[in-house]
Amino acid sequence: MKPTRASGVWARRALFLLLVGAVSLLVLSHWVRVSYEERIVSLADAPDAPVALVFGAGLAPGAVPSPVLAQRLDMAMALWREGKVGSVLVSGDEVKPFHHETRAMRRYLLERGMPAELVLGDEAGLSTYDSCLRARGVFGAKQALLVTQRFHLPRALFIANSVGIDAWGVPADEGRSTPWRYTVRETLSRVLALGMVLLEVEPVYPSGRAAVPKG
């Protein structure tokens with residue numbers, strides 16, 4: 001059966017809408033990426049802040065921080081040793097059974113010499129968005145240094161500054177290349193973050209602490 005002229009018109013319209021959607025997504029993602037780009041600084045140039053906010057990034061076998069997460073924790077420790085921050089807030093996910101991310105992060109820092117009273121833990125940091133909102137609303141963070149990989153910082157900075165935190169970002173992987181899969185993921189995640197900020201979406205646990213499984 002030969003395609004009709006009408007079906008060809010609809011196909012072109014669908015293609016046009018698809019292209020418009022793709023371009024719009026890229027434009028919005030780029031806008032989020034550059035919004036706070038000047039606030040991404042090195043360890044040496046980081047301004048003083050009351051707290052460093054470290055985002056969770058999964059655990060490796062043995063319930064220890066993954067290599068990506070260990071990079072973040074090492075940078076947070078360096079910021080504290082340099083006197084850039086007074087404390088560290090580790091924000092991770094402990095809602096899943098047998099996935100004690102925040103505890104592993106906290107243990108990592110304590111084993112390397114950080115005083116226990118300077119390491120705060122948010123076990124309901126289920127996402128970058130939740131971590132930022134809870135850092136402001138639950139932990140009262142008004143100024144912070146965000147510690148994560150370079151590819152993640154634009155989104156984290158956009159969210160944090162949009163919800164009332166005067167935030168700067170310090171890359172945990174300065175000088176290292178970013179895998180392409182992270183670049184693709186962040187392109188989409190930045191647009192999602194923009195939508196959540198505009199809609200003022202509540203975090204899963206808007207106040208207090210999550211119910212952490214025992215064991």
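# A visitor's tour of the fold and its largest pocket

Visitor: Which helix supplies the largest share of the lining of the largest pocket?
Guide: The largest share of that lining amounts to 3 residues and comes from one helix, α6. This structure is a predicted model, and in it α2, α4 (128-137) and α6 (180-199) each supply at least two residues of the lining. Of these helices, the one with the largest share is α6.

Visitor: How many residues line the largest pocket, and of which classes are they?
Guide: The largest pocket has a volume of about 340 Å³, and Gly56, Ala57, Arg72, Thr128 and His152 are the lining residues that lie nearest its centre. The lining consists of 22 residues, and by class these are 6 nonpolar, 10 polar and 6 charged residues.

Visitor: What pattern does the chain follow when read along the sequence?
Guide: The chain has 6 helices and 7 strands, and buried residues make up 42% of its 215 residues. Among contacts between residues at least 6 apart in sequence, 75% join residues at least 24 apart. Read along the sequence, helices and strands follow the pattern α-β-β-β-α-β-α-β-α-β-α-β-α.

Visitor: What distance does helix α2 reach from its first C-alpha to its last?
Guide: Helix α2 covers residues 67-81, which makes 15 residues. At 1.5 Å a residue the expected reach is 21 Å, and the model comes close to this, with a reach of 21 Å.

Visitor: Which residue just after α2 takes a positive phi, and what is its value?
Guide: Within α2 itself, the buried residues are Leu69, Ala70, Arg72, Leu73, Met75, Ala76, Met77 and Leu79, and Arg72 is also one of the residues nearest the centre of the largest pocket. Just after this helix, a positive phi is taken by Gly83, at about 75°.

Visitor: Is Ser91 buried or exposed, and with which side chain does its own side chain make a polar contact?
Guide: Ser91 lies in strand β4, which spans residues 85-91, and Ser91 is buried, because its relative accessible area of 0% is under the 20% cut-off. Leaving aside its neighbours within four places in sequence, Ser91 is in contact with Leu53, Val54, Phe55, Gly56, Thr102, Met105, Asp122, Gly125 and Ser131. In a polar contact at 2.7 Å, the side chain of Ser91 meets the side chain of Ser131.

Visitor: How many of the residues of α4 are buried?
Guide: The buried residues of α4 are Thr128, Tyr129, Asp130, Ser131, Cys132, Leu133, Arg134 and Ala135, and Thr128 is also among the residues nearest the centre of the largest pocket. Helix α4 is therefore largely enclosed by the rest of the structure, its buried residues numbering 8 of the 10.

Visitor: How many of the residues of helix α5 are buried?
Guide: Helix α5 spans residues 153-162, and its buried residues are Leu153, Pro154, Arg155, Ala156, Leu157, Phe158, Ile159, Ala160 and Asn161. Just after α5, Gly164 takes a positive phi of about 105°. The helix is largely enclosed by the rest of the structure, because its buried residues number 9 of the 10.

Visitor: How far apart in space are Tyr182 and His152, C-alpha to C-alpha?
Guide: Tyr182 has its place in helix α6, and Tyr182 counts as buried because its relative accessible area of 18% is under 20%. Not counting residues up to four places away in sequence, Tyr182 touches Val68 and Phe151. Tyr182 and His152 are 30 residues apart in sequence, and their C-alpha atoms are separated in space by 8.4 Å.

Visitor: Why does Ala63 count as partly exposed?
Guide: Ala63 lies in the loop between β2 (59-60) and β3 (64-65), and has a positive phi of about 60° although it is not a glycine. Partly exposed residues fall between the cut-offs of 20% and 50%, so Ala63 belongs among them with a relative accessibility of 39%.

Visitor: What is the C-alpha separation of Glu200 and Val163?
Guide: Glu200 has its place in the segment after α6, and Glu200 is exposed, because its relative accessible area of 64% is over 50%. Phi of Glu200 is near 55°, a positive value in a residue other than glycine. Glu200 and Val163 are 37 residues apart along the chain, and their C-alpha atoms are separated by 8.9 Å.

Methods: Residues numbered from 1 in each chain as written. Predicted model: local features only at pLDDT ≥ 70, side-chain atom pairs only at ≥ 80, totals over all residues. Heavy atoms only, no water. Helix = DSSP H or I, 4+ residues; strand = E, 2+ residues; numbered from the N terminus. Expected span 1.5 Å × (residues − 1). Buried < 20%, exposed > 50% of the residue type's maximum accessible area, 1.4 Å probe, protein only. 1 Å grid on protein atoms, 1.4 Å probe; cavity = no way out; pocket = protein on both sides within 12 Å on 5 of 7 lines; lining within 4 Å. Points joined across faces, edges and corners; volume = space filled by probe spheres on them. Nonpolar A, V, L, I, M, F, W, Y, C, P; charged D, E, K, R; others polar. Polar contact = N/O pair within 3.5 Å; in protein donor to acceptor, adjacent residues only side chain to side chain. Contact = heavy atoms within 4.5 Å.
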